[in-house]
Amino acid sequence: MMQTKNLKIEKHTSDGSGQLGCLPFSGTQDQPMNIPLLDLKAHHAPIKDEVLSRISEVIDCNAFAGGPFVESFEYAFADYCKVEHAIGVGSGTESLWLALLAQGIGPRDEVITAPNTFIATAEAINFTGARPVFVDILEDTYNLNPDLIEAAITPKTKAIIPVHLFGQMADMDPILEIAERHGLFVMEDSAQAVSADYKGRRAGSIGHCASFSFYPGKNLGAFGEAGAITTNDTNLAQKIRILRDHGQAKKYFHSRLGWNSRMDGIQGAVLELKLKRIDMATARRREAASRYSEKLSTVEGILLPSEDRFCKHVYHIYSIRVTNRDTLLDSLRERGVGGSIHYPIPLHLQEACQSLGYEKGDFPIAEKCASEFLSLPMFPEITEEQISYVADTLKGLIR
Ligand SMILES: *Cc1c(COP(=O)(O)O)cnc(C)c1O
């Protein structure tokens, strides 16, 4: 007889860093509200029916791996980012990796990036065989400090990956100027910055190429894993297209060894639909950020996120800085506020990066920020009431 196993499927929301949290509940007397870091259910509620009918079209067309729905999204996304080409791939991590491979980066090369990013940036560099080289960040924007880049350049350096952390773009002009002087490739890690601006230019349109993540918790999230590369370089775009599809431009004629990293048809269809709402979602995030900043500006001991005058910040993460962060985070969670930390350990101090030979103290600004960052609930659907509850709870705890 066939055994059936009862799988208990717990509902969860994803908080943008791969962690799972609980759905919001209506609250108790001790805990009047429960506000998740990210409420995907609220985000998807208004589009769920439309999404289901799009998914049903994909099923009817058998267009599951790459295909017309992905291609249609690629055109729409390139247009949105104001670039010539967008190439849809399996994840943000793969978009970083494939772009570096297409550029010919490999063993014995060095790639400069920031230490305060998600591990994927370093993983992608490492998976080409190259070595990640970290450079410290600016204390106001938390992005790569252009003044420190040149000291890290060696004859082996081939590329720079500025990470647009939390949704604010790095200071691209000086970075590009340094790259040009040294003949280096620049890829924007735009995973957190879809729809952000720098001096009127869109994230993804400034470097030689840019990588995007459509992980469900990102500002433009798929219904599963997905990513993309944007570029104005037709030659590079063609190389990436071939690499993501087993090194073939024509079926079963392989010009090189590639990988399987085609975007799912379902993700292409969902993303094209969600792209139509990204400007509205970004406007709401910016509005929520300014409400937080208004309410928290008078509280001593909190450092608020700052928006560079050249930038339009899209607040993928709204992260404040406080000195007693760990106890504060515990207390917030006890009171139903889904805070988090992006990221608690800078990459150069991660166990996985030990062989790179860095030590504590090598990147003092990134280390200090990592010990103080505290991300507050942020999503387009967050209500005035929820923002007030978070701000009031925080005020009460700090006093
Ligand atoms: C999310 C993220 C990635 C990786 O994207 P995945 O789609 O999760 O593979 C890379 N870099 C940064 C900065 C990210 O936030």
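## A quick tour of the chain

Let's start with the contacts: of those in the chain with a separation of 6 or more (contact means heavy atoms within 4.5 Å), 69% join residues 24 or more positions apart. This is a predicted model, where local features need pLDDT of at least 70 and side-chain atom pairs count only at pLDDT 80 or more, while totals for chains, interfaces and linings use all residues. Residues are numbered from 1 along each chain as its sequence is written, and side-chain values use heavy atoms, with hydrogens and water left out.

**Overall build**
- The chain holds 13 helices and 16 strands, read as DSSP runs (helices are H or I, at least four residues; strands are E, at least two) and numbered from the N terminus.
- A compact globule of 399 residues would have a radius of gyration near 21 Å, and the chain agrees, with 21 Å; the radius is taken over C-alpha atoms, and the globule rule is 2.2 Å times the number of residues to the power 0.38.
- The C-alpha trace spans about 65 × 60 × 50 Å along its principal axes.

**Inside and surface**
- Buried residues (under 20% relative accessible area, 1.4 Å probe, protein chains only) make up 57% of the 399 in the chain.
- About 18400 Å² is exposed, with carbon and sulfur atoms supplying 51% of that; the areas come from the Shrake-Rupley method with a 1.4 Å probe.

**Two domains**
- Domain 1 covers 46-275 and domain 2 covers 278-397, with bounds from an automatic or database domain assignment.
- Their centres, taken over C-alpha atoms, are 24 Å apart.
- Where they meet, 39 residues of domain 1 are in contact with 32 residues of domain 2.

How values were computed
Buried < 20%, exposed > 50% of the residue type's maximum accessible area, 1.4 Å probe, protein only.
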